[in-house]
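Me: I would like to go through this model by question and answer, with the reasoning spelled out at each step. Please begin once the structure is on view.

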Amino acid sequence: MNYKLIAIDVDDTLLTDDLIVTEGTKQAMAAAIAQGVTVTLATGRMFASARKIAKQIELNVPIITYQGALVKTLLDGQVLYERNVPADAAKELHAFAEANGLHLQLYVNDELYGTEDNDKIKAYSKLSNIPYKIEPDFNKLLDYPMNKMLIIDDPARLDEIAEQLKPLIGDRVHITKSKAHYLEFMHKEGTKGHALRFMAEHLGCAMEQTIALGDAWNDNEMIRAAGLGVAMGNAIQSLKDIADYVTLSNNEEGVRHVIEKFVLNASVV
């Protein structure tokens with residue numbers, strides 16, 4: 001297959017556990033780009049956070065951010081695709097979080113907001129390399145467009161919360177997990193699968209000519225949609241079960257392996 005588009009998840013996929021992109025992976029990506037392949041990021045991260053990763057690997061393309069709710073060009077910041085959490089669902093989610101004492105984060109105009117300066121938002125800010133703002137009264141923000149909302153908590157509790165919220169707002173929002181302790185809420189069409197289809201159409205390539213790589217359940221829509229859906233060696237088992245191919249882990253240059261095997265056709269040791 002002559003692949004034309006590669007969409008790569010960032011955390012625990014492109015990045016090693018040390019939060020770097022290896023030189024070998026950078027070289028493989030550059031070689032694919034030199035062959036005319038579009039290489040992009042597909043991440044749950046904010047655009048501002050993903051842009052820093054993209055600059056590290058010198059990508060100059062539209063990138064998929066906020067789980068697929070925002071596709072925006074790196075160079076001129078042009079919004080190509082955007083879906084926001086419906087305002088009524090956002091308010092219901094906020095009320096639920098308040099009633100249950102949950103840590104909820106909002107994303108307004110590509111800025112991160114919390115209601116209090118606690119360990120959860122500090123850790124998230126450090127991981128994403130993004131500053132945050134504190135607004136004790138989220139009612140002041142809920143009428144603004146939001147690409148994503150996020151609850152941070154114990155993984156088992158989040159699974160229970162997701163089941164409680166599905167009958168309340170599941171008809172209007174896409175609910176997924178990017179990490180075990182991150183429960184995320186987007187528009188129904190704010191998935192990596194929707195964004196990958198948009199990107200393929202935007203570039204004029206068939207879905208059969210796309211590759212998607214990821215490690216977590218929030219990657220499942222693009223893994224299913226892509227011509228070649230790849231799960232990392234460190235991916236959760238449920239993602240490996242639906243993938244077309246399982247590569248090496250994020251610490252073993254799994255992304256490089258896929259690009260060399262399927263795009264560059266190089267012999268991989």
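Reply: This is a predicted model, and a good place to begin is the pairing of β3 with β4, which run antiparallel and are joined by four bridges. Within that pair, P62 stands opposite T73 in β4.

Me: Which residue takes a positive phi in the hairpin of β3 and β4?

Reply: The hairpin of β3 and β4 has four residues between the strands, and the loop in question lies between β3 (62-65) and β4 (70-73). The residue with a positive phi, near 50°, is Y66.

Me: Which residues of β3 point the other way from P62 and I64?

Reply: The residues of β3 point in two directions, and all of those on either side are buried. P62 and I64 take one way, which leaves the other way to I63 and T65.

Me: Is Q67 buried or exposed?

Reply: Q67 is placed in the loop between β3 and β4, and its contacts, leaving aside neighbours within four places in sequence, include T43, G44, K148, S178, E184 and N218. Since the cut-off for a buried residue is under 20% relative accessible area, and Q67 has a relative accessibility of 2%, Q67 counts as buried.

Me: How many bridges pair β10 with β11?

Reply: β10 and β11 form a hairpin with two residues between them, and in β11 the bridge partner of V173 is H187. Their pairing is in the antiparallel sense, and the number of bridges is six.

Me: Which residue in β11 does I151 stand opposite?

Reply: β11 also runs antiparallel to β9, to which four bridges join it, and β11 is mostly covered, with five of its six residues buried. Opposite I151, in β11, stands L183.

Me: What covers the buried residues of α6?

Reply: Helix α6 (residues 155-169) has 15 residues and reaches 20 Å from its first C-alpha to its last, close to the 21 Å expected. Its buried residues are L158, I161, A162, L165 and I169. An α-helix has 3.6 residues a turn, so residues three or four places apart point the same way. What covers the buried residues of α6 includes α4 (87-99), β9 (146-152), β10 (173-179) and β11 (182-187).

Me: Which elements each supply at least two residues of the lining of the largest pocket?

Reply: The largest pocket has a volume of about 160 Å³, and its lining residues include D159, A162, E163, K166, H174, I175, T176 and K177, with W217 and E221 also among them. By class the lining divides into four nonpolar, two polar and five charged residues. The elements that each supply at least two of these residues are α6 and β10.

Me: Which element gives the most to the lining of the largest cavity?

Reply: There are two cavities of 30 Å³ or more, and the largest cavity has a volume of about 200 Å³. The elements that give two or more residues to its lining are α1 (10-14), α5 (119-128), β10 and β11. The lining comprises 18 residues, of which D11, R45, S178, K179 and Y182 lie nearest the centre of the cavity, and by class it has four nonpolar, five polar and nine charged residues. The element that gives the most, with three residues, is α5.

Me: How many polar residues are in the lining of the second largest cavity?

Reply: The second largest cavity has a volume of about 40 Å³, and its lining includes T13, L14, T16, M232, S249, N250 and E253. α1 and α10 (254-263) each supply at least two residues of that lining. By class, the lining holds three nonpolar residues and one charged residue, and the number of polar residues is seven.

Me: In what order do the strands of the open sheet of five strands lie?

Reply: Strands of a sheet pair through backbone hydrogen bonds, either parallel or antiparallel. In this open sheet the pairing is parallel, and the edge strands are β2 (38-41) and β14 (245-246), each of which pairs on one side only. Four bridges join β1 (residues 5-8) to β12 (residues 210-214), and L5 stands opposite T210 in β12. The order of the five strands is β2-β1-β12-β13-β14.

Methods. Residues numbered from 1 in each chain as written. Predicted model: local features only at pLDDT ≥ 70, side-chain atom pairs only at ≥ 80, totals over all residues. Heavy atoms only, no water. Expected span 1.5 Å × (residues − 1). Buried < 20%, exposed > 50% of the residue type's maximum accessible area, 1.4 Å probe, protein only. Contact = heavy atoms within 4.5 Å. 1 Å grid on protein atoms, 1.4 Å probe; cavity = no way out; pocket = protein on both sides within 12 Å on 5 of 7 lines; lining within 4 Å. Points joined across faces, edges and corners; volume = space filled by probe spheres on them. Nonpolar A, V, L, I, M, F, W, Y, C, P; charged D, E, K, R; others polar. Pairing = 2+ DSSP bridges.
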